[in-house]
Amino acid sequence: MPWFPDVAGPGLIDTTDPAALARGNRMPAQAEIDIQSMSTVTVEGRVVRAQVTWLDEAIDRSDLAELVEHWKLALRAIVDRA
């Protein structure tokens with residue numbers, strides 16, 4: 001179940017609660033574009049995952065797609081050298 005910080009008080013908001021969702025997540029963005037990457041080793045080999053979050057006003061969708069493609073290439077190069 002997804003959760004996010006409740007800006008109205010301490011704790012977390014259950015994102016299945018319509019009243020909580022109506023308040024919205026009014027926390028300021030930590031970055032205009034944020035890319036989190038993680039590598040794990042499985043029985044099939046190394047797996048790399050990335051999560052990208054962004055502000056719509058920060059970047060055009062086509063530029064974001066290009067950035068993500070370059071990021072994937074960079075991650076693959078790192079994994080190939082590991």
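**A hairpin, a helix and two salt bridges**

Strand β3, which covers residues 33–42, and strand β4, which covers residues 45–54, pair with each other in the antiparallel sense over 10 bridges. The model in which this pairing is seen is a predicted one, and the description that follows should be read with that in mind. Between β3 and β4 there are 2 residues, and the two strands together form a hairpin. Two cross-strand positions help to fix the register for a reader who is following the structure by eye: isoleucine 35 stands opposite valine 52 in β4, and methionine 38 stands opposite arginine 49 in β4. When tracing such positions along a strand, one may keep in mind that in a regular strand the side chains alternate between the two faces of the sheet.

The hairpin belongs to a protein chain whose secondary structure comes to 2 helices and 4 strands. Read from the N terminus on, these elements follow the order β-β-α-β-β-α.

From the strands we can turn to charged side chains. Side chains of opposite charge can pair when their charged atoms come close. How many salt bridges does the count come to? With a side-chain nitrogen of Lys or Arg required to lie within 4 Å of a carboxyl oxygen of Asp or Glu, the count comes to 2 salt bridges.

One of them joins aspartate 56 to arginine 61, with 3.5 Å between the closest N and O atoms, and both aspartate 56 and arginine 61 are exposed. The other salt bridge links lysine 72 with glutamate 69, where the closest N and O atoms are 3.0 Å apart. Lysine 72 and glutamate 69 both lie in helix α2, which spans residues 61–81, and their separation of 3 residues is about one turn of the helix.

Are lysine 72 and glutamate 69 buried, exposed or partly exposed? Buried means under 20% relative accessible area and exposed means over 50%, with partly exposed in between. Lysine 72 has a relative accessible area of 33% and is therefore partly exposed, and glutamate 69 likewise counts as partly exposed because its relative accessibility is 41%.

The protein chain as a whole can be described in similar terms. Of its 82 residues, 11% are buried, and the chain exposes about 6600 Å², of which carbon and sulfur atoms supply 56%. If one considers the contacts between residues at least 6 apart in sequence, 19% of them join residues that are at least 24 apart.

Methods. Residues are numbered from 1 along each chain as its sequence is written. This is a predicted model: local features need pLDDT of at least 70, side-chain atom pairs count only at pLDDT 80 or more; totals for chains, interfaces and linings use all residues. Side-chain values use heavy atoms; hydrogens and water are left out. Two strands pair if DSSP finds at least two bridges between them. Buried means under 20% relative accessible area, exposed over 50%, partly exposed in between (1.4 Å probe, protein chains only). Contact means heavy atoms within 4.5 Å. Accessible areas come from the Shrake-Rupley method with a 1.4 Å probe; for residues, only the protein chains shown count as cover.
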